[in-house]
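Work through the two exercises below with the model open. Each task is followed by a stepwise solution.

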Amino acid sequence: MDKSPHKSEFVSVNGIRLHYLDWGGSGPVLLFLPGLGCNAHIFDQFALRFTDRFHVLALTRRGHGLSDHPETGYDIETLTEDIYEFLNTLKIEQVILAGHSMAHIEVSHFAVQHPERVLALIYLDAAYDRTSESYKNMVANNPLRQIPLPGQGVDHYSVEEFFAAVKVDYPGLASVWCDALEAQGMEEIKVAPDGKIVETQSEAIGGACMNTLKSYVPEEAKIKLPALGIYAVNNCEYYIADWMTEEQKTQVREHFVLRNDPWQEENIANFKTNMPHARVVVIPRGHHFCFLKKEEEVYAAMRDFLQFSD
């Protein structure tokens, strides 16, 4: 449910309409960018904490939420151009970019293409290399891809039933469920003609976004701007559901120890090498939606990086 005090607006760029939220505030512009499958509402509760020192916005990329869902334009160049034209239309000269998850690629590529428009970069559990062999091995051997979900193949005819099933199937989401997550979820679903609740994003668009994400070679070594990399590590317990068998739980834990955790460590080391001037904050027992589950730690890291105090 949307309870956050913001303006909900649209802007026309590159022949499509993009949806954005504006929490107001004065000072430099802080623009939040959501991850794959999410929209601007995911920042509803977190964005408010910055309005006393920044003008805070969040943009929903094409193919998500209330933004248009064209069949094309999910390559990194077009996604970055969308942000560029968004800023131009709103007459924003410079911006602090804070991106979660998939937004890593937009944040970095925008900084490479338009460094003069960026004041600073913030990666919210985002700066990962998905072209690496370690990533491919991790995905190929992820037991979570093989474990059948309780709600698999079950249709739902009310929003309440749909969200309840999501929380059962995905304990990681259940552990961070809140008004912001529900508000963003409401804009990622619709009622089909037969009354069934379905996702608004097509498989083709989701696949196109994922292909772009998995083919993007990190460009951090080219970036000299102030940057903060926040990493949420050792988070396997969030992915273990009560309905899993003991064997399945063991498989998930072993997967994180053998593949996921080393992959994260590899990425943190690479980030430090490629951006030696950047600040890195590692949150133990973190959560991919770190700004929801570990809000205080993430807020403190951003506050220190952006050099202001309460």
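For residue classes, Ala, Val, Leu, Ile, Met, Phe, Trp, Tyr, Cys and Pro count as nonpolar; Asp, Glu, Lys and Arg count as charged; the others, Gly among them, count as polar. The model is predicted.

**Exercise 1. The cavity**

Find the largest cavity, list its lining and sort the lining by class.

Solution.
1. Count first. The structure holds 1 cavity of 30 Å³ or more.
2. Take its size. The volume of the largest cavity is about 80 Å³.
3. List the lining: L18, L33, P34, L59, T60, R61, R62, L79, D82, I83 and E106.
4. Sort by class. The lining has 6 nonpolar, 1 polar and 4 charged residues.
5. Ask which element gives the most to this lining. That is α2, with 3 residues.

**Exercise 2. The helix pair**

Describe how helix α2 and helix α3 cross, and name the residues that meet.

Solution.
1. Locate the helices. α2 spans residues 76-89, and α3 spans residues 103-113.
2. Compare the axes. They come within 9 Å and cross at roughly 70°.
3. Classify the angle. Angles of 65 to 115 degrees count as roughly perpendicular, so α2 is roughly perpendicular to α3.
4. Assign the hand. The crossing of α2 and α3 is right-handed.
5. Name the contacts. From α2 come I76, E77, L79, T80, I83, Y84 and L87. They meet I105, E106, H109 and F110 in α3.
6. Sort by class. The contact of α2 with α3 has 7 nonpolar, 2 polar and 2 charged residues.
7. Link back to the cavity. L79, I83 and E106 belong to this contact, and they also line the largest cavity.

Notes. Residues numbered from 1 in each chain as written. Predicted model: local features only at pLDDT ≥ 70, side-chain atom pairs only at ≥ 80, totals over all residues. Heavy atoms only, no water. Axes fitted to C-alpha atoms, helices over the stretch in contact; angles between N-to-C directions. Helix = DSSP H or I, 4+ residues; strand = E, 2+ residues; numbered from the N terminus. Parallel < 35°, antiparallel > 145°, perpendicular 65-115°, else oblique. Left-handed = near helix turned anticlockwise from the far one by under 90°. Contact = heavy atoms within 4.5 Å. 1 Å grid on protein atoms, 1.4 Å probe; cavity = no way out; pocket = protein on both sides within 12 Å on 5 of 7 lines; lining within 4 Å. Points joined across faces, edges and corners; volume = space filled by probe spheres on them.
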